[in-house]
Amino acid sequence: MPVTREGWGPVWSADRMLLGDRARWAGASITRTDDERSLLVAADRGDRRVLFGRGEPDGVTRLLRERVEQGPGGRAATAAGWMSVPRGTDVPAGILDALGLEPFS
């Protein structure tokens, strides 16, 4: 079942990129900053975890840090097979290492 517009929160429910791919985000976990300026979607797609950040770069970095430190359900975050974040997002090496990723572009 696809994620509904309501699942994105009031700011992100009209985001064209998220809405265009909403069928692909079935079962995704969605975290947002308190001010709704940044969002992180985490979904399993077959054999890999996908992370997709939208919004302000500093907020996306904060959400990634929380994910690595706390993980879903309070567990440490699992490795990711792919991640996309907004331009200008500075993802610290420790976060990339924890997720099993390397910088690409």
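Start by selecting Asp 44 and Arg 49: their side chains meet in a salt bridge, with 3.0 Å from N to O. Keep in mind as you look around that this is a predicted model.

Colour the two partners by accessibility and look again. Which of the two is exposed, Asp 44 or Arg 49? Asp 44 is the exposed one, because its relative accessible area is 52% and the cut-off for exposed is over 50%. Arg 49 has 17% relative accessibility, so this residue falls under the 20% limit and counts as buried.

**Stop two: a small network**

Now select Asp 35, Arg 37 and Glu 56, which are joined into one network by salt bridges that share partners. Within this group, zoom in on Arg 37 and Asp 35, where the closest N and O atoms of the salt bridge are 3.9 Å apart. Arg 37 is partly exposed at 49% relative accessibility, and Asp 35 is partly exposed too, at 44%.

**Stop three: another charged pair**

Move on to Glu 36 and Arg 32. They form a salt bridge as well, and here the closest N and O atoms lie 3.1 Å apart. Is Glu 36 buried or exposed? Glu 36 is buried, because its relative accessible area of 15% is under 20%. Its partner Arg 32 counts as partly exposed at 32% relative accessibility. Counting through the model gives 4 salt bridges. As a general point, side chains of opposite charge can pair when their charged atoms come close.

**Stop four: the sheet**

Switch to a cartoon view and zoom out. The chain holds 3 helices and 4 strands, and starting from the N terminus its elements follow the order α-β-β-β-α-β-α. Trace the strands across the sheet: they form an open sheet ordered E1-E2-E3-E4, with mixed pairing. Select residues 29-32 for strand E1 and 82-84 for strand E4; both stand at the edges with a single partner strand each, so one side of each has no neighbour in the sheet. On average, neighbouring strands here are turned by 10 degrees against each other, direction ignored.

Next, select residues 38-45 and 48-55 together. These are strands E2 and E3, which run antiparallel and are joined by 8 bridges. Strands of a sheet pair through backbone hydrogen bonds, either parallel or antiparallel. To see one facing pair, pick Leu 39, which stands opposite Arg 54 in E3.

**Stop five: a helix across the strands**

Add residues 57-70 to your selection. This is helix H2, and it lies across E1, E2, E3 and E4. What angle does H2 make with E2? The helix runs at about 45 degrees to that strand.

**Stop six: the largest pocket**

Turn on a surface and select Met 83, Val 85, Pro 103, Phe 104 and Ser 105. Of the 14 residues lining the largest pocket, these lie nearest its centre. The pocket has a volume of about 420 Å³. Which element gives the most to its lining? That is E4, with 3 residues, the edge strand you met at stop four.

**Last view: the whole chain**

Finally, show everything. The chain has 105 residues, and 38% of them count as buried. Among contacts with a separation of 6 or more, 45% are between residues 24 or more positions apart.

Key:
Residues numbered from 1 in each chain as written. Predicted model: local features only at pLDDT ≥ 70, side-chain atom pairs only at ≥ 80, totals over all residues. Heavy atoms only, no water. Pairing = 2+ DSSP bridges. Helix = DSSP H or I, 4+ residues; strand = E, 2+ residues; numbered from the N terminus. Axes fitted to C-alpha atoms, helices over the stretch in contact; angles between N-to-C directions. Contact = heavy atoms within 4.5 Å. Buried < 20%, exposed > 50% of the residue type's maximum accessible area, 1.4 Å probe, protein only. 1 Å grid on protein atoms, 1.4 Å probe; cavity = no way out; pocket = protein on both sides within 12 Å on 5 of 7 lines; lining within 4 Å. Points joined across faces, edges and corners; volume = space filled by probe spheres on them.
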